[in-house]
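Open the model in a viewer and keep the selection panel at hand. The stops below each give something to select and then say what is there.

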Number of protein chains: 4
Amino acid sequence: MKKRLRYGLVGAGLTSFIGSVHRISASFDGLTDLAAGCFSRDSTKNRECGDFLRLDPDRVYDSFEEMAQKESLREDGIDFVTIAAPNDVHYAAAKAFLMHGIHILCEKPLCYTVEEAEELKALAAEHHCLFCVNYSYSGNAMVKEARELVRQGALGEIIDVKAEYLQEYLADDIGQTSKTMNAMSAWRKDPSVAGVSNCVGDIGSHIENTVACITGLRIKRLAAKLDYFGQPLDLNANILIELENGAHGVFSSSQVCIGHRNGFVVRIFGTEGSLEWHEENPGQLIVAKKGQPLQIYDKGMTYISPVAAGMVRIPAGHPEGYYEAFANMYKTWVNAVLKYENGEELTAQDLDFPDIDEGIRGIRFIHACVKSSREDAAWVDVI
Amino acid sequence: MKKRLRYGLVGAGLTSFIGSVHRISASFDGLTDLAAGCFSRDSTKNRECGDFLRLDPDRVYDSFEEMAQKESLREDGIDFVTIAAPNDVHYAAAKAFLMHGIHILCEKPLCYTVEEAEELKALAAEHHCLFCVNYSYSGNAMVKEARELVRQGALGEIIDVKAEYLQEYLADDIGQTSKTMNAMSAWRKDPSVAGVSNCVGDIGSHIENTVACITGLRIKRLAAKLDYFGQPLDLNANILIELENGAHGVFSSSQVCIGHRNGFVVRIFGTEGSLEWHEENPGQLIVAKKGQPLQIYDKGMTYISPVAAGMVRIPAGHPEGYYEAFANMYKTWVNAVLKYENGEELTAQDLDFPDIDEGIRGIRFIHACVKSSREDAAWVDVI
Amino acid sequence: MKKRLRYGLVGAGLTSFIGSVHRISASFDGLTDLAAGCFSRDSTKNRECGDFLRLDPDRVYDSFEEMAQKESLREDGIDFVTIAAPNDVHYAAAKAFLMHGIHILCEKPLCYTVEEAEELKALAAEHHCLFCVNYSYSGNAMVKEARELVRQGALGEIIDVKAEYLQEYLADDIGQTSKTMNAMSAWRKDPSVAGVSNCVGDIGSHIENTVACITGLRIKRLAAKLDYFGQPLDLNANILIELENGAHGVFSSSQVCIGHRNGFVVRIFGTEGSLEWHEENPGQLIVAKKGQPLQIYDKGMTYISPVAAGMVRIPAGHPEGYYEAFANMYKTWVNAVLKYENGEELTAQDLDFPDIDEGIRGIRFIHACVKSSREDAAWVDVI
Amino acid sequence: MKKRLRYGLVGAGLTSFIGSVHRISASFDGLTDLAAGCFSRDSTKNRECGDFLRLDPDRVYDSFEEMAQKESLREDGIDFVTIAAPNDVHYAAAKAFLMHGIHILCEKPLCYTVEEAEELKALAAEHHCLFCVNYSYSGNAMVKEARELVRQGALGEIIDVKAEYLQEYLADDIGQTSKTMNAMSAWRKDPSVAGVSNCVGDIGSHIENTVACITGLRIKRLAAKLDYFGQPLDLNANILIELENGAHGVFSSSQVCIGHRNGFVVRIFGTEGSLEWHEENPGQLIVAKKGQPLQIYDKGMTYISPVAAGMVRIPAGHPEGYYEAFANMYKTWVNAVLKYENGEELTAQDLDFPDIDEGIRGIRFIHACVKSSREDAAWVDVI
């Protein structure tokens, strides 16, 4: 029986922040070995990265097409590939690996259009591939705990959702021209690489996914106002939403809200209680039950549900952070692939990672926001 | 020269929460004496209240019309009246006192319709009366400080506003019929007394006023979704706004958000910084300037602006609360009336209380929210 | 039956911060009328204060002895006196009023020595006077709630106590000579007026009282290190304590801890749970029960005990502060005096204010701290 | 030139929490390879662990003596060893590896006695070995930032230190006999394995080290009261301290303070400002400068000093936790060893990890606490 997996990387070169996050997280539990990569379009950088990571030079590839083909022919070929390159690569790379029957963990957003996304889903089914879209925040223990509380009915029926993801790192872009704009996250601001949206695509999409994960409810329609501040893609967004059960709420995402470093906050309100989770303090969950004192749930305590407890590696009070949420995503994913490759039956719990349907839903959400805003915040159906 | 003022009360009987708040706050600084009242439509309760408050029985009136007339004829008649009865009384009572030239401090919302509000404004001008609408939260020292920071340009240009006023005290009303509904705040839930809105009218209106106070910007248009949960008036609201300078943002008000006792939070984002104020911790202001550490401003410290410092009675760290904000409102109001009655010129700072124009603006806001929601969150102009 | 009380003031002139706090707080619930005063040793200031407060000029006295004597002879004489002058006045003034059978509410610390304190106790008993020492923080609703939780056994047996009262307002005194020192709180720094201690006497004494109030346990012995930083009286203190049940803990008080405005925090640890109260956020109590999520108790909620609920005037979430705690102290005190004067039996709950025994205990604590520190933090018995 | 290091593990088997922390942290930056180990006294477990970690079976040793000897003879022998076994192993294992010239990273506390500690220091010097003691919290970016602020004089002269490390996980041990006590952390509670102290040794020692790291000041003397609650070793401690510059303060450590998961908090007060760091929210530092608003420093921001910035791997607001602090310790350590082995000069910054002198100081501190408590909190010299 397989006990570990070999994986490859597309993108995630030495200067990529998210690249190192993937490598560290994938290795947290000793269940993976990095075996191949196509790290950069620049051949020199690609080689340097392979060397630093001690890869066999034969398995550092100039193109992801070559990598997909050659790895699929090796006895010791990779079991899955992580696609962590900019958005413009996702669709083509995913397609290439799926055609060779290689499982995929892909960064979000999944691709540019809903049509592409549906095509990837069909290919995955045809080639018997598992597919994970890296909405990493759902890997947090307390997001799982929040979902458990909702499932158990602790909140009653959901009546409102307020969520926001506020950053400040592009505040200086306001009023800049393409000549004076800073280079930070340049590709995210370029429609030809990022797609139809910058801010909603990059972080608004996390709101959509995490809220859906916790509530189990999809967005029925939305009315969005995106702010561009003179740039080609959005930097700020305020969105009225209606969930499939009729509840309303607001989402806000921003890269220009000074004072917010990475302020991702989700609040879910129900007829019997509410909960609140802050990604900047990810090990706690604030729970309110009607008529009772507020409660602060801490990860690592015995009252936490088994599903959430399984996402915690160290004792209560010892902070776990961003890497650990990624590592949890990998742990679930790798175990699923291991079981699948070993011919075992996969349960719902085994498949508790964001799958390609979530990836498709994410693309729908981004397009709906952009469309609504173009129509002056008219309602746009998402389902 | 007058050194103290006599005032009367309409409403504010012994069982009225807001009544005791008005009486305590009005007396905080030793500048007022309660001299007359019409506390209740119930004659016995009216008399009991007058006795408890040691009023001359001749100055406890059965109707506000009688009170307005008789007080205006006395040598020692009241200088101003506080109208703190339910909403349905505001317009008629204000009109009665204005006709007799008595200054008015009136609870919000000012009245039912914009037309009534405009009429009151005209009457006040005609009869040379000062008029204050009791948006009490702008009496908080740190709201003044926030306004100063915006005026000084510490935030640059305003680009987004996020504000919410979340309560939970009507959570049990969801799904109730008129027979099973609890009696708490019954008049607020009755359209014939409260007017077109419950939640937006009662607390959404505070968001509108405080945001305008801090930013100096009016709302140009809004798109609102109010939730009624089977009741005649709204219990929950989510509102997209557009300010007159083009900035967008979201307001939320609710009486059914479990876990929020009186969660009034205002956040203002600009191109150079942001600020955040929580009414539940009113003596602090969180200020972010671009590229700098977050700063926690405390009331009572020497770095606070003179205007805000003038609203602080006790040393830094000693908590001041809801009464004190009311008392600040009264202090400013009473000083303005004193100066006016003494024939002194009134400066802008003397008039730094919410005036009838703010009262009118508040009515516009409430109607716009209701109208937009009826039209499925279509944009409605407010200016 | 008496329904209101007349009271007099010793000290508490127009420039006295604590004076206005007493006057506002005493009038919060409409149960008292200020009827007499001796506000200042300076006759002009004394008269001015009487005028501002609209007192009958005959009842503005040049000395507290005269006031005690003349008020005791009037039909409409004061029912009680509030002594809010600097420490050097407490003993003599209290004695004068007790000799004339007038009830006393006295600022803390009660007097200079344990002997004086015992003498006042004997006089109060002899002259049938009620006596309240103004440890105002025990007037906070959530301090009462904390006491209830301990009484109910929610914390099990107390095993540790950590409490601190940290201010910063004398930070500039460090290293100053008497010539360069700032005038702020000058009398507190003068041994001839303040007594043996500044910092421990002024704010350390609140720690002692509030901890005893909540736990019901007295300090058996203590080992203290006071820091003088070149001044005649202490500015900073760290104290090891041992409670009568054998539990240990630490107290810290300071007027030089920069960053702390009025940081009074009490934490009580037991075998089954703990609680934590911050005076800067007085309406909340953090409660931990073994193996459960932390709970945030909010004043004004239905789960609060009746005793604490009786100290709350406004709904949950609306902040109450420093004045309101004082007003609670007055409410309990005035009701006790009213009942006593009406010949009613006084229950333990009626007498739920800090009495002269607590005043005596406070003096013992201050002396023990000073003595221990002089002996290089040797243990000193307090009981 | 060496670019990576091989290391070995003593202890840190598969069921050891701290073992996995070491392995993950050591590999964070791709600078180490685990090459050898002696994981357990139980041969089967030792082998299983080696297999899981894919070690060459020849390099999984039955004893640390064998490991030290054989590794020192190999061409590809380990560059350093991490000793992460219980306390009773530290001294003997460290000695064995030093005798063979192998650099050492050892868990704290370093050993049982000051004499042992001094001997290890002498051996390290004799055999030219670098030696790191794993006070991991000083690996936090914001601890480094705090140290920088003190060094720059932002706090002026240090006048008080208050620090605590409060846990609750042994609360159930109170009143238990050895038969009924739970097995959690059993070795820590056994004097024959843990040494003279449980609570002070395990977590009080972190207080001592982190305070010294930040302030640059050693403790001159201390007066401690340890609570045993019927157990052989301490569960709770309150300690008065005097620093070498004459400042006083209090330390508290506990394993029975319910409500505190891992509450390690350090507060440093100076004549010009103060700072506060909470390990449970390690990416922030609260800084107060005299007369200014409180400031919240966030890791990852541009205003952070270069030394602290070098300890941050991901953008501001993305939480880093316990593993990352360990990884920072390893990063500094590994770079120092690499430079040393490459014959480069080591600067003070290269050696910015807790060295054997800090290990010795830690042992002195633990013994002083136990001795003082035995003498009823008499002062005991530490320097």
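Select strand S10 (residues 263-270) and strand S11 of chain B: the two pair in the antiparallel sense over five bridges. Helices (H or I, at least four residues) and strands (E, at least two) are DSSP runs, numbered from the N terminus, and two strands pair if DSSP finds at least two bridges between them. One bridge to show as sticks is B:Val265 with its partner in S11(B), B:His278. The link from S10(B) to S11(B) is a hairpin through two residues.

The model is predicted; local features need pLDDT of at least 70 and side-chain atom pairs count only at pLDDT 80 or more, while totals for chains, interfaces and linings use all residues. Residues are numbered from 1 along each chain as its sequence is written, and chains are lettered from A and ligands numbered from 1 in the order in which they are written.

Stay on S11(B) and add strand S12 (residues 284-289) of chain B. Four bridges join S11(B) to S12(B), and the two run antiparallel. B:Leu275 has B:Val287 as its bridge partner in S12(B), and five residues lie between the two strands of this hairpin. Why is S11(B) largely enclosed by the rest of the structure? Five of the six residues of S11(B) (273-278) are buried. A residue is buried if 20 or more other C-beta atoms lie within 10 Å of its own, exposed if 12 or fewer, and partly exposed in between, with C-beta atoms placed from the backbone.

Next, still in chain B, select strand S13 (residues 294-298) together with strand S13 (residues 294-298) of chain D. Three bridges join these two strands, which run antiparallel; B:Ile296 stands opposite D:Leu294. Widen the selection to both chains: nine residues of chain D are in contact with nine residues of chain B, contact being C-beta atoms, placed from the backbone, within 7 Å. The side of chain D that touches chain B has five nonpolar, four polar and no charged residues. In these classes Ala, Val, Leu, Ile, Met, Phe, Trp, Tyr, Cys and Pro count as nonpolar, Asp, Glu, Lys and Arg as charged, and the others, Gly among them, as polar.

Now show chains A and B. Here 30 residues of chain A are in contact with 30 residues of chain B. On the chain A side, the elements that give two or more residues are strands S6 (158-166), S7 (219-227), S8 (236-243), S9 (248-254) and S11 (273-278). Which of them gives the most? S9(A) does, with five residues. By class, the chain A side divides into 14 nonpolar, 10 polar and six charged residues.

Hide chain B and colour chain A by domain. The assignment, automatic or from a database, gives domain 1 (5-129) and domain 2 (138-316 + 361-381). Their C-alpha centres lie 27 Å apart. In the contact between them, 11 residues of domain 1 meet 11 residues of domain 2; helix H4 (87-99) and helix H5 (114-126) of chain A are the elements of domain 1 that give two or more residues.

Move to chain C and select its open sheet of five strands, in the order S2-S1-S3-S4-S5, with parallel pairing. Strands S2 (32-38) and S5 (131-133) of chain C stand at the edges with a single partner strand each, so one side of each has no neighbour in the sheet. Neighbouring strands are turned by 20° against each other on average, direction ignored. Helix H10 (residues 322-341) of chain C packs on this sheet, touching S1 (5-11), S2, S3 (80-84), S4 and S5, and its direction makes about 125° with that of S1(C). Axes are lines fitted to C-alpha atoms, for helices over the stretch in contact, and angles run from 0 to 180 degrees between N-to-C directions. Zoom in on S4 (residues 103-106) of chain C, which three bridges join to S5(C) in parallel; C:Ile104 stands opposite C:Phe131.

For the last stop, select C:Ile214 in helix H8 (residues 199-215) of chain C. C:Ile214 counts as buried because it has 26 C-beta neighbours inside 10 Å. Beyond four places in sequence, C:Ile214 touches C:Val143, C:Ala146, C:Arg147, C:Val150, C:Val266 and C:Ile268.

Definitions and conventions
Two residues are in contact if their C-beta atoms, placed from the backbone, lie within 7 Å.
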